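Trainee: Could you take me closely through one part of this model, the largest pocket, and then place the sheet beside it in your account?

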Amino acid sequence: MFYNSTRNSNVKVSSAEAITQGISVEGGLFVPESIPVLTLDEIKNVGSMSYADRAAFVFSRFLTDFTDAEIHYCTDNAYSTKNFETESIAELAHLFDGTYMLELWHGPTCAFKDMALQILPYFLTTSAKKINLDKKIVILVATSGDTGKAALEGFRDVEGTSILVFYPEDGVSPMQKRQMKTQEGGNVGVCAIKGNFDDCQNGVKAIFTDNEVKEALEAKGMMFSSANSINWGRLVPQIVYYISAYAELVKDEEIELGEKINIVVPTGNFGNILAAYYAKHMGVPVNKLICASNINNVLTDFINTGVYDRNRKFFATVSPSMDILISSNLERLLYLMTDGNDALIREWFGKLASEGRYEVSDDVKAKLREEFCAGFCDDEQTKSAISAVYEKYSYTCDTHTAVAVKVYNDYKEATGDTTKTVIASTASPYKFSAAVLEAIEGAKSDIEEYDMVEKLAELSKLPVPEALAGLRTKPERFSDVIEKSEQKAYVLGKLNV
């Protein structure tokens, strides 16, 4: 299995090269040259495996330059109870009326990003050895809240690496900010940007493709790589949990083998739902992929109209990890839907960079409507969804998962579709205690953040994850705040380049 670039189909690299580079030299994203297909029996057999073995089975189809021993080294170290608080790694909770919550937040940072970022350091260091790379790998990360902490935790003190994380100063929750500012490790760095997530992400992408910076790093024996979902090593682990969830439903006799399901994903950068798209095209029987957005509804508009337009007001919401107007992984989807037409991708994303807008062709619009449905909701609707689920089912969900619940309920009411449905639950409610507590109690609370956590624990009956409880007394290590224009200079300064 080789990998092409979305902006140059002639690029052809191994998975080890794709993972270490993170992004192609001309700015394109790496995609597998084909999508491996699983039979229904193979999917059924996944249900009898441990999660680590399920992951190894899927990875063997994509990472064909890795040996079985190398793959199992990665999966056995990443997916174990030393990293996750539940043996099944990804819990599947039966919520209501044929609806299931795929709980992806039982890892060390209490967000779905752990599912990929616990294994990415193993992928990256194994890949570097495979291609005889003797450079220090510098991980640059832009985060809207969850990726940053998960990446910091995954790469903490990993030999031969250093990591710098940038987050929007006022665009993450207090708990997310505290998680990053208290991060331990000798090879980690954290900095806030005066701007939004798109500013952070644009800055990181610009640094990645800056030849002057790359040459300076080369002279110092260093190279960049990414822990954002632009890196294929971040995206491929996310495919696993959708295949795993389907196999689990079959094993538990909740569905028949071959029965279609819907998948609902709250997403901003499009990676998490793109992984579900890959799972579908690998053979998981999926009826509809439902894309759920908050009031920053650029993806909803795009799926419904075929026009991507980031020229709009940006909103800071109670679901901050989705406060994104430039959805990087959409580029991979459009490359697939245009049968690898790199010229069209360069045209569309060139327009996005220069004009902030592009419109896809009619055939791609038809493919989008066939594969996806999309909806969005505002903060008040998000809080109402939290309250309704709590009151009716005694289940507490976070603000991002609540967006998915609201959008799914709207979809179900509009279509009458009763297909059994998996909702990706992306974070622990404790990461957004203020908003969740307000939704449940019906009024804002002025108590301190950790008192909110304790109050939420009383109401939800959910144990507070140790990873969050322990933050209360940890000292803050990082306090840097810079203008977005200073990002390049900051990176060079931190690396002594």
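Mentor: Helices here are DSSP runs of H or I with at least four residues, numbered from the N terminus, and lining residues are those that have an atom within 4 Å of a point of the pocket. With that in hand, and keeping in mind that this is a predicted model, we can turn to the largest pocket, which holds about 490 Å³ of space. Its lining is made up of 21 residues, and those closest to the centre are Pro121, Thr125, Gly154, Val158 and Glu159. Two elements, α6 (120–130) and α7 (146–155), each give two or more residues to this lining, and of the elements it is α6 that gives the most, with 6 residues. In character the lining is mixed, dividing into 9 nonpolar, 6 polar and 6 charged residues.

The sheet is a separate topic: it is open and built from 3 strands in the order β2-β1-β3, with antiparallel pairing. Because β2 (8–13) and β3 (30–32) stand at the edges and have a single partner strand each, one side of each is left without a neighbour in the sheet. From one strand to the next the twist averages 40°. Looking at one pairing in detail, β1, which covers residues 3–5, is joined to β3 by 3 bridges, the two strands running antiparallel, and asparagine 4 has valine 31 in β3 as its bridge partner. Finally, helix α14, residues 330–337, lies across β1, β2 and β3, and runs at about 45° to β3.

How values were computed:
Residues are numbered from 1 along each chain as its sequence is written. This is a predicted model: local features need pLDDT of at least 70, side-chain atom pairs count only at pLDDT 80 or more; totals for chains, interfaces and linings use all residues. Side-chain values use heavy atoms; hydrogens and water are left out. On a 1 Å grid over the protein atoms alone, a cavity is a set of points where a 1.4 Å probe fits but cannot get out, and a pocket is an open set with protein on both sides within 12 Å along at least five of seven lines; lining residues have an atom within 4 Å of a point. Grid points are joined across faces, edges and corners, and a volume is the space filled by probe spheres set on the points. Ala, Val, Leu, Ile, Met, Phe, Trp, Tyr, Cys and Pro count as nonpolar, Asp, Glu, Lys and Arg as charged, and the others, Gly among them, as polar. Two strands pair if DSSP finds at least two bridges between them. Axes are lines fitted to C-alpha atoms, for helices over the stretch in contact, and angles run from 0 to 180 degrees between N-to-C directions. Contact means heavy atoms within 4.5 Å.
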